[in-house]
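Here are my notes on this one, point by point. Have the model open while you read.

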Amino acid sequence: MDAELRELYQQVILDHNKSPRNFRVIEQPSNSSEGYNPLCGDKINLYLTIEDEIVKDISFQGSGCAISKASASLMSSIIKGKTIEETKKIFEKFQEMITGRLDENSDLESLGKLTVLEGVKEFPARVKCAGLAWHTLINAINKKKEPVTTE
Ligand code: ZN
């Protein structure tokens with residue numbers, strides 16, 4: 001990746017960290033879950049309003065490093081309005097991207113701005129930061145009662 005692009009990606013992450021999107025509580029969510037990454041100290045509470053298999057609303061609260069917060073913020077922007085099926089597909093592709101398992105010719109279009117997080121694949125500890133919000137999302141969709149932990 002060239003320096004200019006890296007710089008741009010950095011800016012997107014910093015912007016989402018500073019002004020996270022959908023950073024609030026949904027008072028009566030249909031689904032919710034919490035996640036914790038003890039390695040870094042990232043915490044997230046995720047709230048969803050799912051109706052007719054569509055994510056009508058999504059929000060989160062929490063604290064943590066810039067990567068975890070930016071990832072949750074970007075995730076919320078992309079998932080809002082998507083069906084559960086689409087959400088799971090995006091999750092799988094995102095996981096492949098951050099763990100460096102995507103094949104070269106893979107179409108990244110469905111990931112949109114999430115591609116700014118691709119760089120974490122070089123840093124195993126950061127993969128957990130970037131993945132936390134997503135594992136919490138899947139937990140919430142599946143209505144699992146236990147909190148997510150990356151350990
Ligand atoms: Zn972190």
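1. Let's start with Glu 122, which sits in the loop between α3 (84-98) and α4. This is a predicted model, by the way. Glu 122 has a relative accessible area of 58%, and since anything over 50% counts as exposed, that residue is exposed.

2. How far apart are Glu 122 and Ala 66 in sequence and in space? They are separated by 56 residues along the chain, and their C-alpha atoms lie 16 Å apart.

3. Ala 66 also turns up in a helix pair: it is one of the α2 residues that make the contact with α1. Helix α1 (residues 3-18) packs against helix α2 (residues 66-79) at an angle of about 85°, and the axes are 8 Å apart. So α1 is roughly perpendicular to α2. On the α1 side, the contact comes from Val 12, Ile 13, His 16 and Asn 17. The α2 side contributes Ala 66, Ile 67, Lys 69, Ala 70, Ser 73, Leu 74 and Ser 77. Sorted by class, that gives 6 nonpolar, 4 polar and 1 charged residues.

4. Now the metal. Which residues coordinate the zinc ion? The donors are the SG atoms of Cys 40, Cys 65 and Cys 129, plus Asp 42, listed twice through OD, at 2.2 to 2.7 Å. Along the sequence, the donor residues follow the spacing C-x1-D-x22-C-x63-C. Asp 42 in strand β2 (residues 42-51) and Cys 129 in helix α4 (residues 124-141) are 87 residues apart, so this pair links distant parts of the chain.

5. Are those two donors buried or exposed? Both Asp 42 and Cys 129 are buried, in contrast to Glu 122, which is exposed.

Terms used:
Residues numbered from 1 in each chain as written. Predicted model: local features only at pLDDT ≥ 70, side-chain atom pairs only at ≥ 80, totals over all residues. Heavy atoms only, no water. Donors = N, O, S within 2.8 Å, 3.2 Å for Na, K, Ca; no water. Helix = DSSP H or I, 4+ residues; strand = E, 2+ residues; numbered from the N terminus. Buried < 20%, exposed > 50% of the residue type's maximum accessible area, 1.4 Å probe, protein only. Axes fitted to C-alpha atoms, helices over the stretch in contact; angles between N-to-C directions. Parallel < 35°, antiparallel > 145°, perpendicular 65-115°, else oblique. Contact = heavy atoms within 4.5 Å. Nonpolar A, V, L, I, M, F, W, Y, C, P; charged D, E, K, R; others polar.
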